[in-house]
Every structure is written in C-alpha cells, then in structure tokens.
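Dear colleague,

Please find below the structure that I am handing over to you. My notes on what was found in it follow directly after.

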Amino acid sequence: MSSRTLTLEIACTREEAARFAAVELFLADLASDASAQPPGELDAVFGAKAKETILGLVGHPEPLGISCRYDRDTGVLTLLAIDGRPNLAALPVLLLWLYPDKLPLAYSVHVTDNPDLAVWTIVSLQRIEITQHADEVPARLEALRAAAPAPHRVDLLPTRPLPRPED
C-alpha cells in the first residue's frame, strides 16, 4: 500500500495547539489502557462525554495516524502523518471540533507513488471540499472566509440514540 504525506500548518497559540496534542496523547494512552480517560480540558471542547465523542470522531479502533509538533517561536502547529497512514476521514471532523475559529483551513495529501499529485481538502463550517487543483485553493479559502459567519460550536452528536441491530 502506498504511503501518504500530510501537509497542514495552523497558526495558533500554545493552548490551542495543546488541544490536538491532548487528543493524540489520550489515544496513545487508550492503546495501552482501555480505561484511559481524556484530560479534563477536552471536556470544554467535546462535552461531558469526551471519551465517547473522540472515539466516534476518529473511528476507534482505527489509529489516528497523525502527530503534531508546535513551534513556539513561529506559533505554528504542524500536523504530520505517522507511518504514512493518516486517518483522513477523522482529520476534517477533528478540525471542526478543535479549531472552529481557525476555519476555513486547507491541507494537502500526497501519495509516495505519485508525489507530484496532491489532493487538497478545504474544511469550513459550511462544507468540506476536495480538489486536485492547488492553484484554486487560495481563492476558495478567501471566498469562504469572506462568507463565513462568526464561529460557533459544532455539535455532530446524534440527538437521539442510534438504532441497535436487534431493533
């Protein structure tokens, strides 16, 4: 299977960067201890059932496959693929929850077999767009920023219990 590289940088504060790091550390703890709980500061982001919410968003037991690094000097959080297998289904949803005030954001993914071809994902509060046309990304970001309402909390949890297979 081809390896993928992820390119995403977010200008943010140290506290904002700590949100992604806390999710990453919680998932690492959970891999070795099934009773692990997310740190309390994630309750403010994910609500009272932070563990269930995070596990649902990342598609647990699928690994997140994304690590982060924060540069204090530049104030930039960089998200990186682990072992060439980032969980591309989880990333846009995590961005919606962790950084709604930073949206829209764009990131690219490259496959090692074809490094010249990038697939761009643009995440905004209104939609998630995917394109292979890198030259269109800056204009799309500007258009989404111009049309964006004030950031608000995104609630993606079901409002009623999901049906069980035996129902």
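**Pockets**

In this predicted model, the largest pocket has a lining of 18 residues, and those nearest its centre are Glu-62, Pro-63, Leu-64, Gly-65 and Ile-66. The space in this largest pocket comes to about 340 Å³. Helix α1, residues 14-32, supplies the largest share of the lining of that pocket, with 5 residues. Sorted by class, the lining of the largest pocket comprises 11 nonpolar, 3 polar and 4 charged residues.

The second largest pocket has a volume of about 170 Å³. Its lining consists of Arg-4, Leu-88, Pro-92, Tyr-107, Val-109, His-110, Val-111, Leu-117, Val-119, Thr-121 and Ile-130. Two strands, β4 (105-111) and β5 (114-123), each contribute at least two residues to the lining of the second largest pocket, and the largest share, 4 residues, is that of β4. By class, 8 residues of the lining of the second largest pocket are nonpolar, 2 are polar and 1 is charged.

**Overall architecture**

The secondary structure of the protein amounts to 5 helices and 6 strands. Read from the N terminus, the order of the elements is β-α-α-α-β-β-α-β-β-β-α. The protein has 167 residues, of which 40% count as buried. When contacts between residues at least 6 apart in sequence are considered, 55% of them join residues at least 24 apart.

**The aromatic pair and helix α4**

How many aromatic pairs does a search of the whole structure find? The search returns 1 aromatic pair. The pair is formed by Phe-46 and Trp-97, and it counts as stacked because the ring centres are 5.3 Å apart and the planes stand at 20°, where stacking requires planes under 30 degrees apart. The pair links distant parts of the chain, since Phe-46 lies in helix α2 (residues 43-46) and Trp-97 in helix α4 (residues 90-98), 51 residues apart.

Both partners fall below the limit for burial, which is 20% relative accessible area. Phe-46 has a relative accessible area of 2% and is therefore buried; Trp-97, at 6%, is buried as well. The surroundings of Trp-97 within its helix follow the same pattern: α4 is mostly covered, with 9 of its 9 residues buried. Along with Trp-97, the buried residues of α4 include Ala-90, Leu-91, Pro-92, Val-93, Leu-94, Leu-95, Leu-96 and Leu-98. Pro-92 also belongs to the lining of the second largest pocket.

**Helix α3**

Helix α3 (residues 50-58) is mostly covered too, with 7 of its 9 residues buried. The residues concerned are Ala-50, Lys-51, Thr-53, Ile-54, Leu-55, Leu-57 and Val-58. Against which helices do the buried residues of α3 pack? They pack against α1, α2 and α4. Immediately after α3, Gly-59 adopts a positive phi of about 70°.

**Two individual residues**

Thr-131 is part of strand β6, which covers residues 128-131. Is Thr-131 buried or exposed? Its relative accessibility is 15%, so Thr-131 counts as buried. The side chain of Thr-131 reaches the backbone nitrogen of His-133 at a distance of 3.0 Å. Apart from its neighbours within four places in sequence, Thr-131 is in contact with Ala-118, Val-119, Trp-120, Glu-136 and Val-137. Among these, Val-119 is also one of the residues that line the second largest pocket.

Arg-145 is located in helix α5, residues 137-147. Arg-145 is partly exposed, because its relative accessible area is 42% and the partly exposed class lies between 20% and 50%. The side chain of Arg-145 makes a polar contact with the side chain of Glu-142, at 3.2 Å. Arg-145 and Lys-102 are 43 residues apart along the chain, and their C-alpha atoms are separated by 9.9 Å.

With kind regards

Conventions:
Residues numbered from 1 in each chain as written. Predicted model: local features only at pLDDT ≥ 70, side-chain atom pairs only at ≥ 80, totals over all residues. Heavy atoms only, no water. 1 Å grid on protein atoms, 1.4 Å probe; cavity = no way out; pocket = protein on both sides within 12 Å on 5 of 7 lines; lining within 4 Å. Points joined across faces, edges and corners; volume = space filled by probe spheres on them. Nonpolar A, V, L, I, M, F, W, Y, C, P; charged D, E, K, R; others polar. Buried < 20%, exposed > 50% of the residue type's maximum accessible area, 1.4 Å probe, protein only. Polar contact = N/O pair within 3.5 Å; in protein donor to acceptor, adjacent residues only side chain to side chain. Contact = heavy atoms within 4.5 Å. Phe/Tyr/Trp six-rings, centres within 6.5 Å; stacked < 30°, edge-to-face > 60°.
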